[in-house]
Amino acid sequence: PSVIAAVSHVLWCQLDTSSSMKLLFLLNFCGTWGFPDSLDPPEVWSHFGQILRIPRCSGNEESMRHYVREVAQRNGPAITEDSAGNVIVKRPASGGGAKVSQPVILQTHLDMVCEKNRESTHDWTQDPIATTLRDGWLVSDETTLGSDNGIGVAMSLALMESSTDALLPALEIVFTVEEETGLFGATNLDVSSLEGRRLLNFDSEEFGIIYIGCAGGGDATVNCPVDITPLASSSKPFRLELRGLRGGHSGADIHEQRGNALLLLARAIDELQQALPRVRLLQLEGGDKGNAIPRESSAILGYAPALAPQVEAALIVIEQNLKKEYGRIDPELRLILGSETVNDIVAAPLSEDSAQRLLDVLLALPNGPLKMSHEVAGLVETSSNVAKVRHVSDHVEVLCFPRSSIDSAMEDAQTRIARVAKLCGGTVNRTYSFPGWAPNASQELLLLAKHEFKKSTGFLPEVAAIHAGLECGIVGGKIPGMEMISFGPDIKGAHAPGERVHVESVQRTWDVARQLLARLALPGDASQSNDKQDL
């Protein structure tokens, strides 16, 4: 595989696209990661194969920027990079599309959520992402796949490399950074060079839906002061873990009310202590990204070894109850109690009072869907995700990530978090927020997109808003009058190991994108369509 990788990289950099596309595709995938030797469209999958090799956790996008620059320089478009690290590539119109006065903006983000299973040895700084083709889906079993937003990036690169006879308008292709950790790239995007007033975002995850709105969000970190009390010599430390949850995207998947590993473990410990008060909580940690529902968590308990049989019996009952409640959505949920080990000696064990306050905070914080929209049936309007707990010297940090499509409701969620923190003697830090994207169902771009979608697929797409955050709201706020839509292939399990993308839907998304861009390369508007009844 290392030889194949080296050869494919040299070929990719040195050969022209038309002569090397299929060869590179075979070198990148055939037998290397269990990937099939051909997928359609090859111009998109060839780029995604390269992307699977490139480290691109949020904040570490330099190698991806280098790849984008390589592709652009090989094909001639103008490239700029702003101070935030965002890359803008300008491709001239082709195939007769030069008469259109304004270019079309394509927008994706270069980074990904880097999550892996506890047992995985994957090194995010250098290892390629292993994939498997299963039942028509490309899957990464042990890590996140990065199809969010790697497929969108691959589509943008393929469009950049389209032949000179392809009917396309002038394109302004925007690749942002650090989307997954707070939309920082879009927030600091320099739009002074952008002339387009129509934007296609390729960061959606359900084919057949065109999104025209999204929720805003932001962080809220609760800082709980804690005291330290050594464990009595008659007690020993034992590790308790909660594993097997699905996790997922804290916006797109929050409506399913999947289990939160931090809160379920806190509840399990609270119920254990009610039954056995002599069990101490010494430490509790878990979770990672604000936009990922925690899948795993762990705690260290302290108790006399003689209590072990009672602890084990109580945990069996607690696990059974949790499975009754969450077993259908999280069938692999399990509590794992480890044996006593000197490796689990805690350097700073929580005092009983501090441990109780931490449990109180976790069990009182708002989490999951908080309110459904009265305007859009089935849409979560406001939510919050208790995302991460970590111990830092004299306090414990609890990261929360609220979202809402209404600014006042977002502020109310932040206030509720702050009140919980105040009740337990803590404080809250807020470091960033991003705006929502207000829907505009009458925009001409949407009417054209619906028409071309039906021509390509045979059915009209659903038009919707999404509870996840998209960069459209930020970019649109910087450029008044911008018309924007977002669409993409079917992606399941984003932000968690097991993430997968439906292969056929990538082809269909590619077909829609090319057909819509061809239409946007021609003069005229939606009102001139021959199929106005479909709009």
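Which residue of β23 does I491 stand opposite? The legends below take up this pairing and then turn to other parts of the model, which is predicted.

**View 1. I491 and its partner across two antiparallel strands.** I491 stands opposite V501 in β23. Strand β23 covers residues 500–502. Two bridges join β23 to β22, and the two strands run antiparallel.

**View 2. An open sheet of four strands.** The strand order is β4-β5-β23-β22. Pairing in this sheet is antiparallel. Strands β4 (132–134) and β22 form the edges. Each of these edge strands pairs on one side only. In a regular strand, side chains alternate between the two faces of the sheet.

**View 3. R198 in β7, with a partner in β3 and another in β21.** Strand β7 holds residues 198–201. Four bridges link β7 to β3 (residues 104–109), and this pair runs parallel. Here V104 stands opposite R198. Strand β7 also pairs with β21 (residues 483–486). Again four bridges join the two strands, which run parallel. The bridge partner of R198 in β21 is E483.

**View 4. The largest pocket.** This pocket holds about 1000 Å³ of space. Its lining counts 43 residues. R246, D253, E256, R258 and G493 are the closest of them to the pocket centre. Three elements give two or more residues each to the lining: β8 (209–214), β20 (462–466) and β22 (491–492). Strand β20 provides the largest share, with five residues. Strand β22 is also an edge strand of the open sheet in View 2.

**View 5. Residue classes around the largest pocket.** What mix of nonpolar, polar and charged residues makes up this lining? Charged residues number 18. Nonpolar residues number 17. Eight residues are polar.

**View 6. The second largest pocket.** About 500 Å³ of space lies here. The lining is made of 31 residues. Nearest the centre lie E180, T181, G290, N291 and Y432. Strands β16 (380–392) and β17 (395–404) each supply at least two lining residues. The largest share, four residues, belongs to β17.

**View 7. Residue classes around the second largest pocket.** Twelve lining residues are charged. Ten are nonpolar, and nine are polar.

Notes
Residues are numbered from 1 along each chain as its sequence is written. This is a predicted model: local features need pLDDT of at least 70, side-chain atom pairs count only at pLDDT 80 or more; totals for chains, interfaces and linings use all residues. Side-chain values use heavy atoms; hydrogens and water are left out. On a 1 Å grid over the protein atoms alone, a cavity is a set of points where a 1.4 Å probe fits but cannot get out, and a pocket is an open set with protein on both sides within 12 Å along at least five of seven lines; lining residues have an atom within 4 Å of a point. Grid points are joined across faces, edges and corners, and a volume is the space filled by probe spheres set on the points. Ala, Val, Leu, Ile, Met, Phe, Trp, Tyr, Cys and Pro count as nonpolar, Asp, Glu, Lys and Arg as charged, and the others, Gly among them, as polar. Two strands pair if DSSP finds at least two bridges between them.
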